Amino acid sequence: MTSPQQTLPLAAAAAAAVQLLLPLLSLIYSVAVHIFLSSFNERSLLRFQHWNPIITRVVLFCFCATFASFASSASRGHDDDDYDGGNQSNATILSTQLVYIATIIIATLSTRLILQTRQIEINGPPPPVTANLQDKVIFITGANSGIGLETTRLFYHQYNATVILACRSRARAIEAIQSIDPSWKECRHANHNSSSGGGDIRLSNRMHFLPLDLTSIQSIHTAVKIFLEEMKMPLHVLINNAGVMLNERMETVDGLEMTMAVNHLGHFLLTNLLLPKLRETAMNDEHPTKVITVSSSLYTNAVRPRSSSNNNNNDTTKWNDEPGIDLLDLQCQNKPYRLFVQYAQSKLANILFARELGKREKLLHDGLVQSHVLHPGLVRTNVTRNMPWHLYYPNLAFSLFMMMLQKSPQCGAYTTVYCAVTDEESDDSCYFVTSKKQPLEEVALSDEEGRALWKLSCRLMSSPLEKES
């Protein structure tokens, strides 16, 4: 049986372990988050303000290590002293109680710092809830899963907005709608079997499914026609959210490379077809409407070959790459397809498109439509499902660890919603990250490449849409 004299040293040792381990975990977590976010270009590795939280945790750890050492020395001193009776016992108990109180304070503070790192540096601040978007119409692509689903949920529940879920899969869209509002029931119109596909649009509700396949030019035109001619709603915010990351090169029904078609070209066409409605709504409301494009910090990984004139699909020569959008081969027809490079190209295209759209709207239409572009953060979604097995399974194996460093889809929606509800104007030298403006890298700041991409996108989408400024 363990005596009280034996229990006290054991308890002191446990307290000392807590005094060291929790502050150390807080420090390690803060450093890991900083390195992780820096490696994905969400922040600068060496910028001093990003080191402030780490310095705070270093100071706390040093203090706790000193305190633990002092407490351990004091405990040994009590054991070595040859006091009689209750004096030794009372002194030891008092000292131990003080150590326990300090341990509780240290544990509480360390835990709070860990949660603070998660909330501030990873999740980011939730969007303001003061805005009321009742009678406002939000059009979201890819709204049936991931960030799009959580964006829809926030707009529907917190802001009372009307949301158009523009998705390819009818079944998944209805499932998503019912997960947001279980009381929603499908309403069939008389024209349910019409070729337009607009049968189950419910104008009396605040969530409406709109069939849209961004890989098909015809589907985009059909979806816009349904929205304009059958739904007959205003349009206050268009959110270009849908995106894919594909392991190998695939083509759409129109012969376009799939990643670029879904992530950029489809949204380019959709936006241009809806711009007249956005401008009309802005004039009626006497308030600007918005186009919000979801990009990624991985745009900085976009590279192009310095010279591609002598290469073909079968060439395995290592590319002499330089940063930038590859306007000569946007669809990987004359160079090897690389998953992350093409994804980065499409995300850089998002930014160049959003910047050019903003410039054109200000110049030609007095800013009736504002253009915002954002990085939602490193969000754990199913976009990785198309990764090759040697990347997918390690990502799955380390999912628990990665969850500590990545946002949930709900937090990934925060910046999108912030851009929709804020009165803060966009800046063509910045994009929004964690609901704050962050300067764009030089690779995304070329006005000339933005104009060239606009013209090329018009040609690829077989559309005469405002090619010239």
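At 62% relative accessibility, Asp-135 counts as exposed, and this residue belongs to the loop between H3 and strand S1 (137–141). The model that contains Asp-135 is predicted. In overall composition, the protein has 13 helices and ten strands, and buried residues make up 49% of its 469 residues. The points below cover backbone outliers, the overall fold, strand S8, a pocket and three loop or helix positions.

**Residues with positive phi**

- Most residues other than glycine have a negative phi.
- Asp-135 departs from that pattern, with a positive phi of about 75° although it is not a glycine.
- Lys-232 also has a positive phi, of about 50°, and is likewise not a glycine.
- The loop that holds Lys-232 runs between helix H6 (217–231) and strand S4 (237–240).
- Lys-232 counts as exposed because its relative accessibility is 64%, and the cut-off for that class is over 50%.

**Overall fold and surface**

- Among contacts between residues at least 6 apart in sequence, 73% join residues at least 24 apart.
- The exposed surface of the protein comes to about 22,600 Å².
- Carbon and sulfur atoms supply 56% of that surface.

**Strand S8 and its partners**

- Strand S8 spans residues 369–375, and seven of its seven residues are buried, so the strand is largely enclosed by the rest of the structure.
- In a regular strand the side chains alternate between the two faces of the sheet.
- In S8, Val-369, Ser-371, Val-373 and His-375 point one way, while Gln-370, His-372 and Leu-374 point the other way.
- Both of these sets of S8 residues are buried.
- Strand S5 (residues 289–294) pairs with S8 in the parallel sense over six bridges.
- Within the pairing of S5 and S8, Val-291 stands opposite Ser-371.
- Strand S9 (residues 430–433) also pairs with S8 in the parallel sense, over two bridges.
- Across from His-375 of S8 stands Val-433 in S9.

**The second largest pocket**

- The second largest pocket holds about 740 Å³ of space.
- Its lining consists of 25 residues.
- Glu-42, Arg-43, Gln-49, His-50 and Gln-438 are the lining residues that lie nearest the centre of this pocket.
- Helix H2 (52–80), helix H3 (85–123) and strand S10 (436–439) each supply at least two residues of the lining.
- H3 provides the largest share of the lining, five residues.
- By residue class, the lining divides into six nonpolar, eleven polar and eight charged residues.

**Ser-44, between H1 and H2**

- Ser-44 is located in the loop between helix H1 (4–39) and H2.
- With a relative accessible area of 36%, Ser-44 is partly exposed.
- Beyond its neighbours within four places in sequence, Ser-44 is in contact with His-34, Ser-38 and His-50.
- The C-alpha atoms of Ser-44 and His-34 are separated by 9.0 Å, and the two residues are ten residues apart along the chain.
- His-50, one of the contacts of Ser-44, is also among the residues nearest the centre of the second largest pocket.

**Ala-302, between S5 and S6**

- Ala-302 lies in the loop that links S5 to strand S6 (303–305).
- The relative accessible area of Ala-302 is 0%, so this residue is buried.
- Not counting residues up to four places away in sequence, Ala-302 touches Glu-322, Pro-323, Gly-324, Ala-344, Gln-345 and Leu-348.
- Gly-324 is 22 residues from Ala-302 along the chain, and 5.8 Å separates their C-alpha atoms.

**Tyr-414, in helix H12**

- Tyr-414 is found in helix H12 (residues 414–421).
- Tyr-414 counts as buried because its relative accessibility is 12%, and buried means under 20%.
- Leaving aside neighbours within four places in sequence, the contacts of Tyr-414 are Asn-123, Gly-124, Pro-125, Pro-126, Pro-127, Leu-154 and Ser-435.
- Tyr-414 and Pro-128 are 286 residues apart in sequence, with a C-alpha to C-alpha distance of 9.5 Å.

Note on methods
Residues numbered from 1 in each chain as written. Predicted model: local features only at pLDDT ≥ 70, side-chain atom pairs only at ≥ 80, totals over all residues. Heavy atoms only, no water. Buried < 20%, exposed > 50% of the residue type's maximum accessible area, 1.4 Å probe, protein only. Helix = DSSP H or I, 4+ residues; strand = E, 2+ residues; numbered from the N terminus. Pairing = 2+ DSSP bridges. Contact = heavy atoms within 4.5 Å. Areas by Shrake-Rupley, 256 points an atom, 1.4 Å probe, with all protein chains shown as cover. 1 Å grid on protein atoms, 1.4 Å probe; cavity = no way out; pocket = protein on both sides within 12 Å on 5 of 7 lines; lining within 4 Å. Points joined across faces, edges and corners; volume = space filled by probe spheres on them. Nonpolar A, V, L, I, M, F, W, Y, C, P; charged D, E, K, R; others polar.
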